[in-house]
Amino acid sequence: MSTAGSLVDSHGRVLRDLRVSLTDRCNFRCLYCLPETEAAQNFYRGRWARMPDSAPIVQQWTPRSNLLTFEEIERVVRIAIGLGIKKIRLTGGEPLLRQGAEHLVARIAKIPGVEDLAMTTNGFLFAEKARALREAGLHRISFSLDSLDRDNFKKITGRDGLAEVLESIRLAQELGFAPVKVNAVVIRGINDHEIESLAEFARERNLSLRFIEFMPLDSARAWLKEMVVSGADILQRLRARNELKPLASDNPSSTSKRWSFADGRGEIGIIAPVSEPFCGHCNRLRLTADGKVRTCLFSVTEHDLRSRLRAGASDAELNEWFHGVALQKEARHHIGEPEFVSPPRSMSCIGG
Ligand code: SAM
Ligand code: SF4
């Protein structure tokens, strides 16, 4: 693949993937992301000390006037595609809370050069939008599902929504989204007892399930390494029950290592950014709902695109600006190291 004109960072990585957050708002309160429920507080309280020097983030929603409009997002995507970006993932907060998200999907799907257009959602509102999203040209969909137990689901997400999410997953498969991916963040003492049942669910339903290590991106800044169940531990537990065959990576920049079950149904992925960082292959940029470009999930600085867009910058000026931003992409994250500094915003504001 030619890299001429592409965004290349100062470590030689060619950027191909843009994650676009549609909103920082959410209808869930996941205890690893926006832990604002009593259940989340009970889990964290007194269990482990807070991370030193990290005050909880006080969540303030972005005022609507600061959200990029669909026209602005479409323009940014068009420019990014011209700079070699191939994959667009719409996320949030909860992207389906953004009114008319399907209209944005339709606009982006029509941009020549968009090879992959995906969305990550908690699934609660997906069923009512599913057909419109499919018809608008959404290629792929990923759901978050951390528990198959109604009470535990509610404890984790703050919402009694398991039935709705399961129905959304079924409907996505019926509508032909393929593969349907499911993300599960594993937290010790919360849902690690469900690792095997989640894997079995993926096999039975022929889903691609990715277990994700808990990262220090929660708004409470209550993350501690002891809460992380490592990818290696998850794999060992699954191997004790199932014959798993390693799958070749479909993409060298993929964040997950993948395995298939012996009967060929379903697939398991393990995303282990904490215990096995993959920063050397990271080809991602993020655009927040309020128009800031982030070069890493853990960036402590953001690059203000919205003010440039609204000040009338030309496409040529924005192209040059993007090249300069790409050069500032961090070599790697420093999770677990003494110099680690939490990013100023939580995952829901950054766009996962
Ligand atoms: N609301 C949508 C959802 O939950 O799918 C999209 C946004 S959410 C921020 C995107 C992904 O980030 C989800 O799969 C979620 O599980 C993951 N996530 C959020 N906080 C995380 C954390 N602290 N560590 C690891 N993954 C996290
Ligand atoms: Fe949960 Fe996603 Fe909402 Fe965060 S943004 S609270 S992960 S549903």
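1. Ala, Val, Leu, Ile, Met, Phe, Trp, Tyr, Cys and Pro count here as nonpolar, Asp, Glu, Lys and Arg as charged, and the others, Gly among them, as polar. On that basis the shell around ligand 2 divides into five nonpolar residues, three polar ones and no charged ones. The residues in question are Cys26, Phe28, Cys30, Tyr32, Cys33, Gly93, Asn122 and Ser348. Please keep in mind throughout that this is a predicted model.

2. Turning to ligand 1, I note that 19 residues surround this molecule, the closest being Tyr32, Gly93, Thr121, Ser144 and Met215. Under the same classes, its shell comprises eight nonpolar, nine polar and two charged residues. Tyr32 and Gly93 are listed among the closest residues to ligand 1, and Tyr32 and Gly93 also belong to the surroundings of ligand 2.

3. Several polar approaches to oxygen atoms of ligand 1 deserve a look in the viewer. A polar side-chain atom of serine 144 lies 2.6 Å from a ligand oxygen, a polar backbone atom of threonine 121 is 3.2 Å from an oxygen of ligand 1, and an N or O atom in the side chain of asparagine 183 is 3.3 Å from a ligand oxygen. Of the 550 Å² of accessible area that ligand 1 has on its own, the protein covers 95%. The elements giving two or more residues to this shell are strand E3 (116-121), strand E5 (181-186) and strand E6 (208-213).

4. The largest nonpolar core holds 111 residues, of which Ile88, Phe211 and Phe322 touch the most other members. Helix H2 (residues 70-82) supplies the largest share of this core, namely seven residues. For phenylalanine 211, the contacts beyond four places in sequence include Ala184, Val186, Ile195, Leu198, Ile234 and Ile268.

5. Two glutamates can be set side by side, and one may ask of glutamate 72 whether this residue is buried or exposed. Glutamate 72, which lies in helix H2, has a relative accessible area of 14% and is therefore buried, the limit being under 20%. Leaving out residues up to four places away in sequence, glutamate 72 touches Leu67, Leu309 and Arg310.

6. Glutamate 276, by contrast, sits in the loop between strand E9 (267-271) and strand E10 (284-287), and at 38% relative accessibility this residue counts as partly exposed. Its side chain makes a polar contact of 2.9 Å with the side chain of lysine 257. The C-alpha atoms of glutamate 276 and aspartate 149 are separated by 29 Å, the two residues being 127 residues apart along the chain.

Key
Residues numbered from 1 in each chain as written. Chains lettered and ligands numbered in written order. Predicted model: local features only at pLDDT ≥ 70, side-chain atom pairs only at ≥ 80, totals over all residues. Heavy atoms only, no water. Near = heavy atom within 4 Å. Polar contact = N/O pair within 3.5 Å; in protein donor to acceptor, adjacent residues only side chain to side chain. Areas by Shrake-Rupley, 256 points an atom, 1.4 Å probe, with all protein chains shown as cover. Helix = DSSP H or I, 4+ residues; strand = E, 2+ residues; numbered from the N terminus. Core = buried A, V, L, I, M, F, W, Y, C linked by side-chain atoms within 4.5 Å. Buried < 20%, exposed > 50% of the residue type's maximum accessible area, 1.4 Å probe, protein only. Contact = heavy atoms within 4.5 Å.
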